[in-house]
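Please work through the exercises below with the sequence and the model open beside you. Each task sentence is followed by a solution that goes step by step.

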Amino acid sequence: MQRGGRSQSRRDGRPPGLTGKEIGLYYKNLARERKKEAKNENKIKIGCDVSVPPGVLTRVKEYMEQLKAARETGQEQLDAKFQDQFRHLLSVNFDAFIEETKKQNQDLQLRNSSLDAQLEELQRERFQRADFQERYKERMKLPTMSHAAEIIKAVEKNQVLLIVGSTGCGKTTQVPQLLLDDSISKGMGSGCRIVCTQPRRISAITVAERVSYERAEALGHSVGYQIRLESCKPRERASITYCTTGILLQQLQGDPLLHNVSVLLLDEIHERSVETDLLMALLKIILPHRPALKVILMSATVREQDFCNYFNTCPMFRIEGVMHPVEMLYLEDVLALTKYQFDTRKNKRARPRSDQSDHRPMIEPYIRRVRDRYDSKVLEQLRLPCSEGCADIDFIANLIYYICTMKSEGAILVFVPGYSQISELHNTLLNPRLALGQRWRDHLLVYPLHSMLPSVEQQSVFRRAPSGKRKVIISTIIAETSVTIDDVVYVINTGRTKVSSYDIETNIQSLEECWVTHANTQQRKGRAGRVQPGICYNLFSRAREALMSEVPTPEILRSKLESIILSLKLLHIDDPYAFFPTMIDAPAQKAVSTAINLLNRIEALDNHGQLTPLGMHLARMPIDPQMGKMILISALFRCLDPITSVAAALSYKSPFYTPMDKEQRVDEAKRRLSQNMRSDHIMLHYTICGYRESRQAHRDRDFCYNNFLSKMTLQQLERMKQQFSELLYNSKFLTSTNCMDESSNMNSEKIPLLRAIIGGGLYPNMAHLCTSRQIKNRVRAIHKMFTDDGRRVNFHPSSVNSGKSGFDSNYFVYFQRQKSTDLFLLDATMVFPMALIIFGDGVESGVIDSTHYISVAKTYYFKCNPETAAVVIDLRTSLELLLLEKALYPAPIKENSDAYKLIRAIELLLSIDDKIGEDYDLMSADEIDDI
Ligand code: ADP
Ligand code: MG
């Protein structure tokens, strides 16, 4: 390739100064490169023709002309506030930002002596009260309280203190109270403002409620909480606020030195969530600037030395809990005790778990080792993969009945991975099929415990069961450390949990069920020994335990980093490559560069890694930036309701649950709801619409039951949609906060547009279907499909596209890809080439072998006449400009405005695909050759 201009090299490009052997080598390499190039060029396969009929093209052109004319004549009005904020963010670096906020806060005077005296007096009175006294006596039994004086002293002497103690010893509820009461009684109450972070919303609320109760006060007096979308804040001074870690991170954006906080407690840091890890790294920057700020790190006994080292060997305070001995039983023991036999026919019908393939090689050698110790019937059961974990809910129910029959009083705590197992076990216990279950049903008080339950329902779980009744709590991982229930004597540990994982190679994050670690099992075991000696029933064998990891992988190492990088930018931390290595565990460089690259591709960052105006909007959304961009575009294109449904379900979770054995019926329900749109995402939108309608007709219970939908998830999705709309309204992209408002949904019925916007949002997660053949006498079709990294994939059986043939387009976008027996797309939406060309990136036109083409990301090539290519590329530029303009001057696009012409043009181009088989000839999927 000639670089042009004055060049010293020869005509063939050979660099000057090469000698003998080097010249030979140079030409050899050159030949190899050329060969490779030629091969690549040959490999390009040009797909279907996307040329637009001349009549349509002329109309598109007309729209574009009007748009251009308008752009030259006037600029829309300016949102000065956003401009200022954006300019400030770009121009002020972190150090300058800190100095700025220091200046703003230099006159901040928290102390007030008359208030101090008042607080002291009130406290004296409260201490006298009988209800306080009674509760105080209970508190004094907690190990933390016997170290009260030492803790207060240690905090006084050190800026950073690490408190380590077993779960339930009183860290979360007592330490903040100790410090508050101490400062009040020393006459310094007005200067005391304590913030304690919690990893979960539910623990922030329950703890705040508990502490108010212990103080014999109403919630919101000296103690309150703050979580996203909900708060009950305490008084300004002399107070304790329990908040989620996310809330504190958000506050740092406005006040990076936390001038309003005197004591900060980071709780549950052993969980190693992204947020606490980030906060710890930020605190290391903040601390030298705020000598008066006290920081207390609180952790259960898991790798506590790591934290101590990270904070320059800060002092560590250990609180030894009083623990009763807990007997550990494993699956083989449970099988021997209960004599349970699995129904293999039922379990065969269930879809195999993705990680069941390692069962045999694990269990066979173990069985040989323990042959003499266990009955052969037990070993037979142990051989079945469905015996482990929570594959068989009836087994868990059976164990509960066994405990009820054979064991003395005490609550049973069952750990399962997620909501669907909670509800399944709940149903099994309350509507038992077998006589044994029926006998026990009325003796059980069953409580589901899950982060999504409303807090009122949560409280009753702490109450002791009346005599004759046995309390059974079915919980996710939240009862492991953040919620303590005292009267638990029996723990059933299925050993399963849900963990998000991230594959750097494919850049895909997914939430998967997997085995817990030793650290989790230790914590779970501890839950059984709080009031008396207890028993922990592990539903996995000792052989399985030997394969488990020691501790969970820190979340930052298994997360996509795009959102984190964007939120760091809001904190004026500009260089992620410099910041991440300061964290306690740094993500791989490749993960950082992949994230930056993606942010650049979606135009959240420019080519220098600087935040763009669009990036700033996306950074403010509590959602992954790709989804954020998708809902932002849906606001501009006025199809908000469907797209926010998709974004909410993809970023939170699917509203469907799958009882074991019922997979096919769930699949059928989904297909019904999908209305044959060939899209799992549009199906989600239809599902939410269907739910709304059923609710209006007071049939929502039936609707949810018949379609295997979780009402709780649907309600949460609606809340999220509402939140998105409010955010977009606040940043002026919408005229209403209601996501169903007519003005925001003028185009919500236009399916080709919805497909395209979903395609644009999920892009570049693309798959190309080469063939789908309906084989004679078979119901299901055979697919040959590849993702753009060349891997063969198929639709997961739970996707509405699975087993279908006769698609109108060969292109699909997906959100999640999962490896189990095969590589599967868990969800997919069929998209048309024009949508990819308009919303994809790296679009180019050219000629190969005298065929004109247009290509997307150098991966997908479509036959396209030069006229169409020119107009479409022009249109893309206009769309980019429009997005930039809208990001800088947020405003809805008015109907019939000039900008709206562009949307009309895009709609027109997309609508062509709707008429396949009528007047427009597009090759159908089944005609295309194999690769
Ligand atoms: P840690 O933080 O050390 O795990 P906590 O401070 O959360 O311990 O809990 C201390 C004790 O307070 C628990 O053992 C339990 O007895 C009691 N407790 C905590 N929360 C509640 C609640 N919501 N209802 C009843 N008791 C509670
Ligand atoms: Mg705690």
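**Exercise 1: an eight-stranded sheet**

Task: lay out the open sheet of 8 strands, which follow the order β5-β4-β6-β3-β7-β8-β2-β9 with mixed pairing, and find which strands stand at its edges.

Solution. Before starting, note that this is a predicted model, in which local features need pLDDT of at least 70 and side-chain atom pairs count only at pLDDT 80 or more, while totals for chains, interfaces and linings use all residues. Residues are numbered from 1 along each chain as its sequence is written, chains are lettered from A and ligands numbered from 1 in the order in which they are written, and side-chain values use heavy atoms, with hydrogens and water left out.

Strands here are DSSP runs (E, at least two residues) and helices are DSSP runs too (H or I, at least four residues), both numbered from the N terminus; two strands pair if DSSP finds at least two bridges between them. The edges are held by β5 (230–232) and β9 (316–319), and because each has a single partner strand, one side of each is left without a neighbour in the sheet. From one strand to the next the twist averages 20°, where axes are lines fitted to C-alpha atoms and angles run from 0 to 180 degrees between N-to-C directions. Within this sheet, β7 (residues 263–266) and β8 (residues 294–299) are joined in the parallel sense by 4 bridges, and Leu-264 has Val-295 of β8 opposite.

**Exercise 2: a four-stranded sheet and its hairpins**

Task: trace the open sheet of 4 strands in the order β1-β27-β26-β25, whose pairing is mixed, and establish which pairs run parallel or antiparallel.

Solution. Begin with β25 (residues 843–848) and β26 (residues 851–856), which pair in the antiparallel sense over 6 bridges, with Val-843 bridged to Val-856 in β26. These two strands form a hairpin with 2 residues between them, and in its turn Asp-849 has a positive phi of about 45°.

Next, β26 is joined to β27 (residues 860–863) by 4 bridges, again as an antiparallel pair, in which Ile-854 has Phe-862 of β27 as its bridge partner. The hairpin of β26 and β27 has 3 residues between the strands, and there Ala-857 takes a positive phi near 50°.

Finally, β1 and β27 pair in the parallel sense over 3 bridges, Ile-46 standing opposite Tyr-861 in β27. β1 (46–49) and β25 are therefore the edge strands, each with a single partner and with one side left without a neighbour in the sheet. The twist in this sheet averages 35° from one strand to the next.

**Exercise 3: unusual backbone angles**

Task: locate a cis peptide bond and a residue other than glycine with a positive phi.

Solution. As background, most residues other than glycine have a negative phi, and most peptide bonds are trans. The peptide bond from Tyr-763 to Pro-764 is cis, with omega near 5°, and Pro-764 belongs to the loop between α33 (751–762) and β18 (766–774). Lys-339, which is not a glycine, has a positive phi of about 55° and lies in the loop between α13 (331–338) and α14 (344–349).

**Exercise 4: contacts of the ligand**

Task: identify backbone atoms that approach an oxygen atom of ligand 1.

Solution. A backbone N or O atom of Gly-170 lies 2.9 Å from a ligand oxygen atom, and for Lys-171 the corresponding distance is 2.8 Å; a polar contact is a pair of N or O atoms within 3.5 Å.

Key:
A polar contact is a pair of N or O atoms within 3.5 Å; within protein, one must be able to donate a hydrogen and the other to accept it, and residues adjacent in sequence count only if both atoms are side-chain atoms.
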